[in-house]
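Here is a quick tour for anyone meeting this protein for the first time. Have a look at the model, then read on.

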Amino acid sequence: MVVQGKYCELGESEVNGFGVMAAEKVPEDTIVAKIVERKNRVLNVTPIGKMVNHSSEPNSELVLMGSEVYLKTMEEINKGDEYLADYDNPDNPWFIKGFK
């Protein structure tokens with residue numbers, strides 16, 4: 001599985017095995033990856049979405065845009081830092097809540 005893009009690369013996680021890391025310095029409020037995509041009427045977690053680790057102290061958030069979910073930075077992320085999202089956030093789309 002290739003997890004890579006302008007802002008993302010796969011790396012060793014201090015949280016859980018592997019995770020999604022910043023490939024370069026990323027500003028606050030930047031959409032870095034699609035986490036859930038819709039194909040016809042089916043929602044699919046993307047390869048990047050499968051690798052984003054949970055944290056109760058996240059640096060990124062899951063945002064619903066249309067019928068798809070994206071990972072957005074909540075602060076500036078340095079190159080090599082792991083993107084972490086809070087899957088228990090009550091503002092998450094209903095189909096993400098509790099997904100760890």
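Let's start with charge pairs: there are four salt bridges here, counting a side-chain nitrogen of Lys or Arg within 4 Å of a carboxyl oxygen of Asp or Glu. As background, side chains of opposite charge can pair when their charged atoms come close.

A word on ground rules. This is a predicted model, so local features need pLDDT of at least 70 and side-chain atom pairs count only at pLDDT 80 or more, while totals for chains, interfaces and linings use all residues. Residues are numbered from 1 along each chain as its sequence is written, and side-chain values use heavy atoms, with hydrogens and water left out.

Three of the bridges, including the one between Lys 25 and Glu 76, are set out here:

| Pair | N to O distance | Separation in sequence |
|---|---|---|
| Lys 25 and Glu 76 | 3.5 Å | 51 residues |
| Lys 72 and Asp 29 | 4.0 Å | 43 residues |
| Lys 34 and Glu 68 | 3.5 Å | 34 residues |

Where do these residues sit? Elements are DSSP runs numbered from the N terminus: helices (H or I) have at least four residues and strands (E) at least two. Lys 25 and Glu 76 form a salt bridge. Lys 25 is in the loop between strand 2 (18-22) and strand 3 (31-39), and Glu 76 is in the loop between strand 7 and strand 8, so their pairing ties together parts 51 residues apart in sequence. Lys 72 and Asp 29 also meet in a salt bridge. Here Lys 72 belongs to strand 7 and Asp 29 to the loop between strand 2 and strand 3, so this pair ties together parts 43 residues apart. Then there is the bridge between Lys 34 and Glu 68, linking strand 3 to strand 7.

How covered are they? Buried means under 20% relative accessible area, exposed means over 50%, and partly exposed is in between (1.4 Å probe, protein chains only). Glu 76 is partly exposed at 47%, and so are Lys 72 at 22% and Lys 34 at 29%. Glu 68, on the other hand, is buried at 16%.

Lys 34 also leads us to Met 65: the two are 31 residues apart in sequence, and their C-alpha atoms are 9.9 Å apart. Met 65 sits in strand 6 (residues 60-65) and is partly exposed at 43%. Leaving out residues up to four places away in sequence, Met 65 touches Ile 31 and Tyr 70, where contact means heavy atoms within 4.5 Å.

Now for Glu 82, in the loop between strand 7 (68-73) and strand 8 (84-85). Glu 82 is buried, with a relative accessible area of 11%. Its side chain makes polar contacts with the side chains of Ser 13 at 2.8 Å and Asn 53 at 2.7 Å. A polar contact is a pair of N or O atoms within 3.5 Å; within protein, one must be able to donate a hydrogen and the other to accept it, and residues adjacent in sequence count only if both atoms are side-chain atoms. Beyond its neighbours within four places, Glu 82 is in contact with residues including Val 15, Met 21 and Asn 59.

Stepping back, the protein has one helix and eight strands, in the order β-β-β-β-α-β-β-β-β. Buried residues make up 43% of its 100 residues.
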